[in-house]
Amino acid sequence: MEYRKIQDEDNDAGTISDDIENLRGKVFSGGASVSNVPTREQAKWKRKTVVTLALTFLTSSQAILIVWSKRAGRYEYSVTTANFLVETLKCALSLAALAKIWKNEGVTEDNRLSTTLDEVIVYPIPAVLYLVKNLLQYYIFAYVDAPGYQILKNLNIISTGVLYRIILKKKLSEIQWAAFILLCAGCTTAQLNSRSDRVLQTPLQGWIMAIVMALLSGFAGVYTEAIIKKRPTRNINVQNFWLYIFGMAFNAVAILIQDFDAVMNKGFFHGYSIITTLMILNHALSGIAVSMVMKYADNIVKVYSTSVAVLLTAVVSVFLFGFHLTLAFFLGATVVSVSVYLHSTGKLQR
């Protein structure tokens, strides 16, 4: 389905919510009190805040659980089977939420699973994009080390902003563009260390793969937001169900391609532990939180949430792994804080 069609339908239906910043401006401008804001607007604001904070917390703990899941510095379990279980769990949680809704409210046009081909045909696209992007993550390390990868990954911040403007036709103010660039610079600065200069020595193949990964991630995120907001009244759990069904299918293909022999010889759950189970649960809840942020906020909020989560991960790592915070980290964290403030004060142009 063409993006223009998606955007036109999105504009006709209207998104169910505005940015948190705009709502905040409505609440506090002119000396108005929160009590004067309609209850519905308060509920929207509260819902956005809850899902954004949940995403930040879940994302900040992801890296820690991944590190803990390693044994002797490597994964003893199959990463592809773990990804498949993440998609399966997300699908199961969405169905459980729908079952509760059906019991309390009954089956309606907006919460029924049955759908049309025109609606469901768009869901495989982000699933394929994320699959290719995840596969590229394995190959990029042949050209760049871990610190360099963390820095190059920040290209995703800029790609998301550009694609957000191109695909969804939403304009960011000059202040918000400046804040976005500061966010990228702040995250990069916070991740600098004694080996970070190697990123400048990354071969052309590494740069190309990093740029492709950033574009894939940004495009998949913005496209997912477009199809989720295409039908504002559609229950988010129904939309999640169809997204995750295709995610399961494509991850099953990845298992067949990458780890079929290992799974057949060692078993599907070989190398799994309690930490691995917690990691899978974390990724599943994070995925659901991301979709809710896209439904009730937007990709810009998601980018800020995940960027702040990176800083929180570093702080927690001080206590768990003896990680030492550098001057670059504090400078980067300060720049990120300024970026968040500038973005919150900037007004989204319609």
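**Cysteines, helices and cores in a predicted model**

Q: Why is Cys184 called buried?
A: Cys184 has a relative accessibility of 15%, and buried means under 20% relative accessible area, with exposed over 50% and partly exposed in between (1.4 Å probe, protein chains only), so Cys184 counts as buried. Cys91, at 6%, counts as buried because of the same cut-off.

Q: What kind of model is this, and how are its residues numbered?
A: This is a predicted model, in which residues are numbered from 1 along each chain as its sequence is written. Local features need pLDDT of at least 70, side-chain atom pairs count only at pLDDT 80 or more, totals for chains, interfaces and linings use all residues, and side-chain values use heavy atoms, with hydrogens and water left out.

Q: Why is Cys184 not counted in a disulfide with Cys187?
A: A disulfide is a pair of cysteine sulfur atoms within 2.5 Å, and the closest cysteine sulfur to that of Cys184, in Cys187, lies 7.3 Å away, which is too far for a bond. A search of the whole structure finds zero disulfides.

Q: How do you know that the span of helix α8 is close to the expected one?
A: Helices (H or I, at least four residues) and strands (E, at least two) are DSSP runs, numbered from the N terminus, and the expected span of a helix is 1.5 Å times one less than its number of residues. Helix α8, residues 155-168, has 14 residues, for which 20 Å is expected, and it reaches 19 Å from its first C-alpha to its last. Its buried residues include Ile157, Leu163 and Tyr164, and just after α8, Lys169 takes a positive phi of about 60°.

Q: What makes Ile157 and Leu183 stand out in the largest nonpolar core?
A: A nonpolar core is a set of buried Ala, Val, Leu, Ile, Met, Phe, Trp, Tyr and Cys residues joined through side-chain atoms within 4.5 Å; the largest has 51 residues, and Ile157 and Leu183 touch the most other members. Helix α10 (residues 204-228) gives the most to this core, with 11 residues.

Q: Which part of the protein chain has the lowest confidence, and which the highest?
A: Confidence is given by pLDDT, the predictor's confidence in each residue, from 0 to 100; its mean is lowest in helix α2 (residues 20-28), at 41, and highest in helix α4 (residues 79-105), at 93. Over residues 1-37, pLDDT stays under 50. Where pLDDT is low, the predicted coordinates should not be read in detail.

How values were computed. Contact = heavy atoms within 4.5 Å.
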